[in-house]
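The following paragraphs lead through the architecture of a protein model, beginning with its sheets and ending with a single side chain. Please keep the sequence and the structure in view while reading.

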Amino acid sequence: MAAQIAGVFETGLQEKIAKSKVLVVGAGGIGCEILKNLVLSGFLDIEIIDLDTIDVSNLNRQFLFHKEHVGKSKANVARESALSFNPNAKIKAYHDSITTNDYGVDFFQKFSVVLNALDNRAARNHVNRLCLTANIPLIESGTAGYNGQVELIKRGLTQCYDQLFGESNADEDVSPDTADPEAGEKAGEEALAKEANKEGNVDRVNTRTWAQQCDFDPAKIFNKLFFDDIKYLLSMSDLWKTRKPPMPVKWESLEETAAEGAKEEIAENAQRDQKVLSMFESAKVYAESVGALKDLFAKLPEGDHLTWDKDDKHAMDFVAACANIRAEIFGIARKSRFDIKSMAGNIIPAIATTNAITAGLVVMMAFRVLKEEYSKCNSVYVRLGLNGRNQLFVPESAIVAPNPKCYVCGAKPEVVLRVDTKNVTIRELRDDILIKTLNMVSPDVILDGTSVIVISSEEGETDSNNEKKLVELNIVNGCVLKADDFLQNYELTITVLHKDPGREEAPFDIVADPDSLKPKELVEVDKVTEATDDQQPSTSSAQNGGPSHAKKARIAVEDSDDDMYIVDDDEEKPSTSGISIASPSEAAAGNSSVLEKRKHAQDTDAPACKKVKVTAEPQDEESDDLIIIPDE
């Protein structure tokens, strides 16, 4: 392997490449190129995951796949093909979805870097959030035609994917009946209700049930979709004041012509996908696809249903035929099956050259990540033409810092909760973990990346969850919880790791920075200088104003009436006291004095413990000493 020859890479980088562990998410156009680049660059420990299977349409740009691989797992075939470039590499393939619970935070923490080569936003968002939580660098990439982009996403350093692209916009419908979004559904129900009324039955029937009742008869379904529904739309005269009205079509008017057209077979090859079918050819394809889908439906268990897939021939034939028939009715230009598949499947045009260039930039950025040269990991954009600086590959001028207000990557307290997810209940999560251990009062908890409300502060809203085990709500190893206590303005990100406790071991434990587990309203101690044994005894007093040798602490106070500190002081010995925060419920109303003695020690032999209350009066900026009031 040329990349492993001395001198190809600098020694330090070559060692990091050999020792690193890389995850490639996606084995499509970019993923194939990335995997090839990794093995040729000397990476030896690689894992790749993709749920998709190989389709004929992939072969023009996903060069690790060939005709004999059609229908097989992309991840598995990509692994086999990549090993032919470097048999010494260890590549593990997963034919699975990265969004399942099997791939949580602990899974991502195994890797040195994650390389995204996905084709949908939901999965990108999911990987983005898990990499941020696991604190693993993520290199995001994508192409659209001749354009491409490569971005580094790293917690605390760069903006995240959610910040880059935000929420996706809904696709716009080009059909004229969008003036009334429910018109299509109303038309179907109205037509079915009228037919029922003739039989003396006034019950409405949904389209799926009605289609089953008529045994999926192509003629009846055609007349409902393209005659009855269209006639109903025509009855809404306001829709057609400024636009051309549609022309409803009956199956019987096409039947004879469609039968004559059956003498000419429609080619079953690439030419068929590129051809724009006529109205009559579309009707023939429609009838054939309905018959094929009916046979597939009959093989399913009772209560099950067919799921549409752009790579399913009969399903795609049905959609393409219906789209062209409807387009003809509304006076819209018909499209080829290939074009309709691109729109219905939301396929972004891909060009092999752009994929190859983008994948090369991804691996080059991975080199910089391994060397921890993050300042050089500016985003790069691939463009079709030269820009004003004669660049085809346009780097970002600077790394964009994370948005502190971003829900995903903003700085918020984080903890790792190791818990027995199979036995701990939601009630125990709320009472024992969130309230007693993590200092919350009235928490709201959601499962991150979903709309599942685990715990609500609204009385009675989630009581049905109380006795459920964590695992019953999909709170499993590697998932992330978002907790928010509105009363205290206290937000927390909780990464859940499952543990099987021993016989005498607690069912949960928490790994966190104690200073971060405080509501924002409580006093924050920024720095405490520990006194050493050779310090002089404290000689400060409220009367003499002399220098204090007690512990120094900078204290920011927002609501001093509710804050209290315990300060140990012994005039016979060096001060080694600590500062602890008392709960707000223990605070008593005070006066306007800066420091007020709160309690005398009961045991004169022990160091005197004095509770003091801090008010919000301005302090001398040059003095950050904590004044100790001696016990009288």
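**Two sheets and one buried serine**

Eight strands form an open sheet with mixed pairing, in the order E3-E2-E1-E4-E5-E6-E7-E8. Strands (E, at least two residues) and helices (H or I, at least four) are DSSP runs numbered from the N terminus, and two strands pair if DSSP finds at least two bridges between them. Strand E3 (90-94) and strand E8 (393-395) each have a single partner strand, so one side of each is left without a neighbour in the sheet. Neighbouring strands of this sheet are turned by 15° against each other on average, direction ignored. Axes are lines fitted to C-alpha atoms, for helices over the stretch in contact, and angles run from 0 to 180 degrees between N-to-C directions.

This is a predicted model, in which local features need pLDDT of at least 70 and side-chain atom pairs count only at pLDDT 80 or more, while totals for chains, interfaces and linings use all residues. Residues are numbered from 1 along each chain as its sequence is written, and side-chain values use heavy atoms, with hydrogens and water left out.

At one edge of the sheet, strand E2 (residues 45-49) pairs with E3 in the parallel sense over 5 bridges. Within this pair, Ile46 stands opposite Ile91 in E3. Helix H3 (residues 74-83) packs on the sheet and touches E2 and E3, its direction making about 165° with that of E3.

A second open sheet, also of mixed pairing, comprises 6 strands in the order E11-E10-E12-E13-E9-E14. Its edge strands are E11 (453-455) and E14 (508-511), each of which pairs on one side only. Here the average turn between neighbouring strands is 30°, direction ignored. Strand E10 (residues 444-447) pairs with E11 in the antiparallel sense over 2 bridges, and Ile446 stands opposite Ile453 in E11. Helix H16 (residues 426-435) lies across E9, E10, E11, E12, E13 and E14, running at about 55° to E11.

Is Ser289, in helix H12, buried or exposed? Ser289 lies in helix H12 (residues 279-298) and is buried, with a relative accessible area of 2%; buried means under 20%, exposed over 50% and partly exposed in between (1.4 Å probe, protein chains only). A polar atom of the Ser289 side chain lies 2.8 Å from the backbone oxygen of Tyr286. Neighbours within four places in sequence aside, Ser289 is in contact (heavy atoms within 4.5 Å) with His314, Asp317 and Phe318.

Definitions and conventions
A polar contact is a pair of N or O atoms within 3.5 Å; within protein, one must be able to donate a hydrogen and the other to accept it, and residues adjacent in sequence count only if both atoms are side-chain atoms.
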